[in-house]
Amino acid sequence: MLNPQLAIPYCLTSGKKDLSPLALAECEKAIHHLKKVTGDDELTALRYIGLIYAYQNQCDNALDYFEKVYEKSSLVDNFLNIVITLERKGEYLSAINKSLNYLENNLDLEVLNFLTELIFKYPSVTNLGQLNSRLEKIEDTEIRKYFLGRLEKISIHIELLNKVQIPMKSYTLIQNIINITLNFFYFFKGKDFISEEKISIDNELFGKIRIFNADYEDIIELNALYDTKVQQFIEQGKLTLDEYLDILSKYNFSFVIHTESKEEWEKTCATS
Amino acid sequence: MQHHEFYNCTTSIQANATEIELRNAMSRLYYYVYHEILSIISQNKDLSLIYQGLDGSSHKRLQNTFFTYTKRTGKLIYTEISRLLQTLHNLRCDADYELNINIVFSDFNSMLAQLQTLKSKFQMENATAFNINIELPKKVVVIKNTNKQDIQNKPSFSFVD
């Protein structure tokens with residue numbers, strides 16, 4: 001009987017993203033072997049298959065397997081794999097709703113952390129209210145204070161959007177497109193990012209999306225990826241041209257190169 | 001004076017440029033784009049009519065000309081162009097007005113990358129637009145002594161569009 005641990009392809013454990021034909025062939029071979037695993041190790045094998053699909057950005061397949069795992073084992077890690085994959089696919093609403101429902105019965109700090117990040121990225125007064133009600137169940141005052149602090153930042157973010165009269169729905173749609181673009185890019189190039197927004201001199205919202213360890217070609221590629229995604233969203237009816245033009249009259253963003261790594265940048269911010 | 005001189009004066013920027021040199025270069029880069037776009041608009045009857053009918057600052061009118069043109073033509077590329085004009089304008093405003101932030105070499109390169117994207121989009125419709133070679137500033141690559149041979153001159157190369 002195959003030990004699932006032995007089937008993990010090297011590319012997943014090497015610490016570097018490798019999507020060469022050889023690596024992908026190894027992944028396929030691994031999946032082929034893992035699908036044959038039964039008995040006590042079956043759950044582990046299913047999880048590994050999900051992770052291998054996620055490694056290849058095959059989100060639909062990954063989700064399929066993560067859901068199978070969660071049906072058999074409701075550990076929080078298995079739940080998180082589902083919502084993280086949903087967000088990566090761009091189904092942020094689904095990720096938010098599932099997380100809110102999960103927290104109704106299971107007050108888990110990792111899920112709370114994930115959800116707070118998500119609602120910051122895709123702000124909504126309703127979701128903020130629901131998140132707040134989940135926080136009331138936290139008994140530890142320090143932890144509750146910490147999360148309330150983060151909720152305060154979400155409120156400030158919403159205020160900023162209201163100040164420049166940006167419709168929340170359109171804003172979250174654009175953020176969805178931007179995040180899908182960035183996740184896709186991060187997936188293939190391993191380059192992390194961080195966003196900051198401010199009100200520009202024209203009284204519009206201007207966002208700078210810093211891509212760590214990026215170069216000139218990365219910015220060109222990101223612009224192309226983003227524009228392609230916008231076109232897809234419009235063709236699929238998820239966003240109308242009028243909505244897009246309206247949001248662009250109030251919100252603009254730029255991908256920018258940041259030559260430090262994210263860790264170096266966080267260190268600089270902490271010391272300054 | 002020809003407006004491409006605004007671009008030409010930025011090509012001497014090196015990786016060790018001072019912050020003021022970078023800020024000035026980013027500002028000149030934007031104004032190269034500004035005049036190039038005005039030139040493109042003036043050569044197109046539809047774009048001219050739209051531009052002349054718009055209110056607001058000259059920068060906003062440039063951006064909104066292409067937003068309006070998207071609605072007329074249904075072609076998303078004009079919105080993509082407008083978005084890039086907004087981006088370039090905002091980056092230039094950071095260079096000119098935001099004295100409390102650090103402007104670094106990578107900010108200048110980011111702006112060059114946005115310019116390259118804009119140029120590519122225009123050249124899909126008009127091969128003569130943005131008739132410049134966008135070159136990344138030259139970098140010193142390596143200085144190395146080996147056991148067998150000393151490398152006497154610093155090799156350098158530039159990224160060529």
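Two strands are said to pair if DSSP finds at least two bridges between them. In the predicted model described here, strand β1 of chain A and strand β2 of chain A, the latter formed by residues 205-212, are joined by seven bridges and run in the antiparallel sense. Within this pairing, A:Phe193 has A:Ile211 of β2(A) as its bridge partner, and A:Glu197 is matched in the same way with A:Gly207 of β2(A). The hairpin made by β1(A) and β2(A) has five residues between its strands, and A:Asn203 adopts a positive phi near 60° in this hairpin.

The hairpin strands belong to an open sheet of three strands in chain A, arranged in the order β1-β2-β3 with mixed pairing. At the edges of the sheet lie β1 (193-199) and β3 (251-258) of chain A, each of which pairs on one side only. On average, neighbouring strands are turned by 20° against each other when direction is ignored. Helix α11 of chain A, residues 168-189, packs on this sheet and touches β1, β2 and β3 of chain A. The direction of α11 makes an angle of about 20° with that of β3(A). In a regular strand, the side chains alternate between the two faces of the sheet.

The association of chain A with chain B was examined next. The size of an interface is often expressed as the accessible area lost when the parts come together. Between chain A and chain B, the buried area is about 2600 Å², and carbon and sulfur atoms give 57% of it. On the side of chain A, the most area is lost to chain B by A:Tyr216, A:Asp227 and A:Leu245, which together provide 23% of what that side buries. Contacts involve 29 residues of chain A and 31 residues of chain B.

Polar contacts between chain A and chain B number 17 residue pairs, with both residues at pLDDT 80 or more. The elements β2, α12 (216-235), α13 (241-248) and β3 of chain A each contribute at least two residues to the side of chain A that touches chain B. Helix α12(A) gives the most to this side, with 10 residues. By residue type, the side of chain A that touches chain B comprises 17 nonpolar, six polar and six charged residues.

Charged pairs were also considered. Side chains of opposite charge can pair when their charged atoms come close. Six salt bridges are counted between chain A and chain B; in one salt bridge, the side chain of B:Glu98 meets that of A:Lys198 at 3.6 Å, N to O. Over all chains, the whole structure holds 22 salt bridges. A salt bridge also joins the side chains of A:Lys89 and A:Asp60, with an N to O distance of 2.5 Å. This pair links distant parts of the chain, 29 residues apart: A:Lys89 lies in helix α6 (residues 76-89) of chain A, whereas A:Asp60 lies in helix α5 (residues 59-72) of chain A.

How values were computed
Residues are numbered from 1 along each chain as its sequence is written. Chains are lettered from A and ligands numbered from 1 in the order in which they are written. This is a predicted model: local features need pLDDT of at least 70, side-chain atom pairs count only at pLDDT 80 or more; totals for chains, interfaces and linings use all residues. Side-chain values use heavy atoms; hydrogens and water are left out. Helices (H or I, at least four residues) and strands (E, at least two) are DSSP runs, numbered from the N terminus. Axes are lines fitted to C-alpha atoms, for helices over the stretch in contact, and angles run from 0 to 180 degrees between N-to-C directions. Contact means heavy atoms within 4.5 Å. Buried area is the accessible area (1.4 Å probe) that two parts lose on being put together, summed over both. A salt bridge is a side-chain nitrogen of Lys or Arg within 4 Å of a carboxyl oxygen of Asp or Glu. A polar contact is a pair of N or O atoms within 3.5 Å; within protein, one must be able to donate a hydrogen and the other to accept it, and residues adjacent in sequence count only if both atoms are side-chain atoms. Ala, Val, Leu, Ile, Met, Phe, Trp, Tyr, Cys and Pro count as nonpolar, Asp, Glu, Lys and Arg as charged, and the others, Gly among them, as polar.
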